[in-house]
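Work through the exercises below with the sequence and the 3D view open. Try each task before you read its solution.

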Amino acid sequence: MKPLRKYSAEGVVASALFVVLILVLVIQIFGRTPLFTGPVWTEEAARWLWVWMAMIGIAEVERTDSQLRMGFMVEKLSRRARAIVFTLIDLAYLGIVLNLIWIGWQTIRRTWSNEAVTLPVSDAVLYASGFVAMILVANRVIRRLTGIGHRHAADEVETPL
């Protein structure tokens, strides 16, 4: 299995959103000082950028298998048993993610006609972050299940003697 690339599209996008978030926050902070009157949209934009950054970041965490897990019980299992357990977990996880994709789509459709308070876009743009993130996560889980992606980091645990 080939090694992971250092950077992925998800990681680059989440990092870029973080940089933009910092810039918007700097504008917001200086806009609260006597230096100048800040634009009213910065608070809402910062919140939206934060949500998008976090949601896209979930896909990067999934790609690198960096999520928190309690593996002390699974570590005691043989390599084959661990593979079965992780496959079952991934299948359950994929089912949840597919349901979240459906919920995200329904939310986008329901909020399409709502306009944001200070930004000239639909509220659906904010809710689309969860929809997009879950599609990216589903892609990573499916790739792992089919062997296209990398294995779980926990698969690399040595079997106890």
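The exercises go from the overall fold to single residues, and the model is a predicted one.

**Exercise 1. The fold**

Task: State how many helices and strands the protein has, and give their pattern along the sequence.

Solution:
- Step 1. Count the elements. There are four helices and zero strands.
- Step 2. Read along the sequence. The pattern is α-α-α-α.
- Step 3. Check burial. Of the 161 residues, 36% are buried.
- Step 4. Look at contacts between residues at least 6 apart in sequence. Of these, 73% join residues at least 24 apart.

**Exercise 2. Helix lengths**

Task: Test whether α1 and α2 have the spans expected at 1.5 Å a residue.

Solution:
- Step 1. Take α1, residues 9-30. This helix has 22 residues.
- Step 2. Compare its spans. From first C-alpha to last, α1 reaches 32 Å, close to the expected 32 Å.
- Step 3. Take α2. Its 23 residues should span 33 Å.
- Step 4. Compare again. The end C-alpha atoms of α2 are 32 Å apart, which agrees.

**Exercise 3. The buried side of α1**

Task: Find which residues of α1 are buried, and explain why they lie on the same side.

Solution:
- Step 1. List the buried residues of α1. They are E10, G11, A14, L17, L21, V24 and Q28.
- Step 2. Check their directions around the axis. They cover an arc of only 145 degrees, so they sit on the same side of α1.
- Step 3. Recall the helix rule. An α-helix has 3.6 residues a turn, so residues three or four places apart point the same way.
- Step 4. Ask what covers these buried residues. The cover includes α2 (42-64) and α4 (124-146).

**Exercise 4. Packing of α1 on α2**

Task: Describe how α1 and α2 pack, and name residues that meet.

Solution:
- Step 1. Take the geometry. The angle is about 160 degrees, and the axes are 8 Å apart.
- Step 2. Classify the angle. Over 145 degrees counts as roughly antiparallel, and α1 and α2 are therefore roughly antiparallel to each other.
- Step 3. Give the handedness. This crossing is left-handed.
- Step 4. Name the partners. On α1 they include L17, L21 and V24; on α2 they include L49, W50 and I56.
- Step 5. Zoom in on V13, in helix α1. V13 is partly exposed, with a relative accessible area of 41%.
- Step 6. Pair V13 with M53. They are 40 residues apart in sequence, but 7.7 Å apart in space, C-alpha to C-alpha.

**Exercise 5. Packing of α3 on α4**

Task: Describe how α3 and α4 pack, then place T111.

Solution:
- Step 1. Take the geometry. Helix α3 (residues 79-111) meets α4 at an angle of about 155 degrees, with axes 8 Å apart.
- Step 2. Classify. That angle makes α3 roughly antiparallel to α4.
- Step 3. Give the handedness. The crossing of α3 and α4 is left-handed.
- Step 4. Locate T111. This residue lies in helix α3.
- Step 5. Classify T111. Its relative accessibility is 8%, so T111 counts as buried.
- Step 6. List its contacts beyond four places in sequence. They are S122, D123, A124 and Y127.

**Exercise 6. The residue after α2**

Task: Say what is notable about the phi of D65, and whether D65 is buried or exposed.

Solution:
- Step 1. Locate D65. This residue follows α2 and lies in the loop between α2 and α3.
- Step 2. Read its phi. The value is positive, about 55 degrees, although D65 is not a glycine.
- Step 3. Apply the cut-off. Buried means under 20% relative accessible area. At 5%, D65 is buried.

Notes: Residues are numbered from 1 along each chain as its sequence is written. This is a predicted model: local features need pLDDT of at least 70, side-chain atom pairs count only at pLDDT 80 or more; totals for chains, interfaces and linings use all residues. Side-chain values use heavy atoms; hydrogens and water are left out. Helices (H or I, at least four residues) and strands (E, at least two) are DSSP runs, numbered from the N terminus. The expected span of a helix is 1.5 Å times one less than its number of residues. Buried means under 20% relative accessible area, exposed over 50%, partly exposed in between (1.4 Å probe, protein chains only). The arc is that of the directions from the helix axis to the C-beta atoms. Contact means heavy atoms within 4.5 Å. Axes are lines fitted to C-alpha atoms, for helices over the stretch in contact, and angles run from 0 to 180 degrees between N-to-C directions. Angles under 35 degrees count as roughly parallel, over 145 as roughly antiparallel, 65 to 115 as roughly perpendicular and the rest as oblique. A crossing is left-handed if the near helix is turned anticlockwise from the far one by less than a right angle, and right-handed if clockwise.
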